[in-house]
Amino acid sequence: MALELKSSDNKIFEVEELVAVQSETIKSLVEDGCADNVIPLPNVDSKTLELVLDWCKNHVDMKLDEEKLKEYEDKFIEVDQAVLYDLLLAANYLNIKDLLNRACQKVADMLKGKTPEQIRETLNIVNDFSPEEEEEIRKENLWAFEE
Amino acid sequence: MSQSKMSNTSSKWRWGRRWRSCRLRLSSNNNLPSLPEELLEEILVRLPVKSLLRFRCVQKSWSTLVQNPTFIAKHLRHHQTKTKNPSILVEGLDKIEDLQYLLQSHPDEGGGVRVLDFKGDSMGRLLTVYTKMFACINGIICIAGILRGHYGFILWNPAIRKGKIIPYTQSPNCPPDALSGLYFAFGFDQNSNDYKVVRVVEHKKKSAENSITRYCNAFYVYSLRAECWTQIFGTPIHHNNIKLHSCCNEIYFNGVHHWIGFLNSEPGDSYDHHIILSFDMSHEVFQIIRFPDMFFPNKTLAVFNDCLACIVYGINEYIDIWVMREYGVEDSWTKQLVVGHLLGIQRPLQLLGNEEILLVDENQTLVLYNIGSQEIKILQRTGYPKIFMPRRAIVYVESLVSFTGGIVFES
């Protein structure tokens, strides 16, 4: 059975149910009988949705071949930061556990060696510590700031 | 990053609010849209402790999160279930300097081993000589040594470099004694969520008539919650003549500490039986488990497939791994597999998960052998000491758990 998914930029994707239900969000819609018409996904653009559906399809196709799947996953997640973030948010919204896991791990690996300043810049975070407060925290774990 | 750009996107960082969806617009520069709180947690949980401590400076909410007991438990749980490439702590001796060292392996940084140096921080200043290291529980290890001139223990989290001192000369029941001939254990009582340290004091008595040495062991347990030592009396062990083995082949498994010892049962009995003496941390009871006679000549206790196991070696270049399929049932010892043919290997140290075995070769080099793929990996040692003899190893999982302000626990 095929389902129709509509991205935020109004592109329609026709997908087999077996592939689409890798998303727990879509799976619940199907189980509740709400999947007869086109399913709107206002939080995922077409570029990202295409990638996500590729992930889902390959996970159905390569289910029995662990090695091949791992090779695919490793290649899949090698994307630039902006795409990675879109995938992360999409995987969260669509509730696709293995993609979410993989994307979170990749982001974690990306953040691992950074300084606090770099983290703030990357994630758009405003520093709400006063210089004295920040210095206090640094002093508590000085060794963590050394290489 | 201009203010106008911030107000154009409708995704904002909000503390305390769960966002399942957010409208995102890709920015053309390096800056990325802000993450919802729950996703941020999922990412932070995967970070090593050192990064998390550094990131406390990023923002107030991050500092709070890193110290939150629920997050700490989640972080520990994530790293405990990650079974690939575990980190190892190896305790050993520099025979020339006659000093003990603790080495840590760094599988994510090229796979070498380095000395875990705590001399620089506050604990190092207290601990002048350390002698033994025990099980890693929730990221915490227990070290016995000399603190401020007295013998004591430190419960230490090497990842956050914080610990708690447990002196034992304070208790009136514990006589001061030499460090050799003492046996210890570190464990966790899951029923009362309490960390415990066990101390065994061995007394020897040579019986004049049949010149059999009788061993009388006194047992003391320290409870972290109660902050005191109590002596355990009246256990069946006291009626048995058990000499605990002085080699480092004990193991802490499933809330129970296991020592290997000799049981000298009857006068006129010509040989000693090798046994396991176990101590259950929750119920505070001892049990004796016997080995089959064919476990000869050398044994190291280990864990395999969530069961108590025993690595038997010493006859040839093969290593037998026996598993006690049903815990406590002596008939259930089963030979699970044979590892080999390993040339140049002196002895096994520990099983890592079900796939790898840590060994020491003739040159005292640490070697990792993958049972399935038969791949051998040498753990390169960098830095001091010049000569290092590994004695025991445990799997080490990092955590943020500390002892200040409430005990964080995880089973």
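**Exercise 1. How many residue pairs are in polar contact between chain B and chain A?**

Solution. The structure is a predicted model.

Step 1. Between chain B and chain A, the count of residue pairs in polar contact is 11, with both residues at pLDDT 80 or more.

Step 2. Now turn to the elements on the chain B side. Helix 2 (37–44), helix 3 (49–54) and helix 4 (60–67) of chain B each give at least two residues to the side that touches chain A. Helix 2 of chain B has the largest share of that side, with five residues.

Step 3. Sort the residues of this side of chain B by kind: 21 are nonpolar, eight are polar and 10 are charged.

**Exercise 2. Describe the extent of the interface of chain B and chain A, and find a salt bridge across it.**

Solution.

Step 1. Chain B brings 39 residues to the contact, and chain A brings 43 residues.

Step 2. About 4,000 Å² is buried between the two chains, and carbon and sulfur atoms give 61% of this area.

Step 3. Two salt bridges are found across the interface of chain B and chain A. In a salt bridge, a side-chain nitrogen of Lys or Arg must lie within 4 Å of a carboxyl oxygen of Asp or Glu. The side chains of R56(B) and E140(A) form a salt bridge, with an N to O distance of 3.1 Å.

**Exercise 3. Which strands of the sheet 17-18-19-20 (chain B) stand at the edges, and why is one side of each left without a neighbour?**

Solution.

Step 1. Write down the order. The open sheet has four strands in the order 17-18-19-20 (chain B), and their pairing is antiparallel.

Step 2. Look for strands with a single partner strand. These are strand 17 (298–304) and strand 20 (333–339) of chain B, so each has one side without a neighbour in the sheet.

Step 3. Add the twist: on average, neighbouring strands of this sheet are turned by 30° against each other, direction ignored.

Step 4. Examine one pair. Strand 17 of chain B is joined to strand 18 (residues 307–313) of chain B by seven bridges, and the two run antiparallel. Within this part of the sheet, L301(B) has C310(B) of strand 18 opposite.

**Exercise 4. Describe the hairpin of strand 2 and strand 3 of chain B.**

Solution.

Step 1. Strand 2 (residues 99–106) and strand 3 (residues 112–115) of chain B pair over four bridges in the antiparallel sense.

Step 2. Opposite L103(B) stands V115(B), in strand 3 of chain B.

Step 3. Five residues lie between the strands of this hairpin, where G110(B) takes a positive phi near 95°.

Terms used. Residues are numbered from 1 along each chain as its sequence is written. Chains are lettered from A and ligands numbered from 1 in the order in which they are written. This is a predicted model: local features need pLDDT of at least 70, side-chain atom pairs count only at pLDDT 80 or more; totals for chains, interfaces and linings use all residues. Side-chain values use heavy atoms; hydrogens and water are left out. Two strands pair if DSSP finds at least two bridges between them. Axes are lines fitted to C-alpha atoms, for helices over the stretch in contact, and angles run from 0 to 180 degrees between N-to-C directions. Contact means heavy atoms within 4.5 Å. Buried area is the accessible area (1.4 Å probe) that two parts lose on being put together, summed over both. A polar contact is a pair of N or O atoms within 3.5 Å; within protein, one must be able to donate a hydrogen and the other to accept it, and residues adjacent in sequence count only if both atoms are side-chain atoms. Ala, Val, Leu, Ile, Met, Phe, Trp, Tyr, Cys and Pro count as nonpolar, Asp, Glu, Lys and Arg as charged, and the others, Gly among them, as polar.
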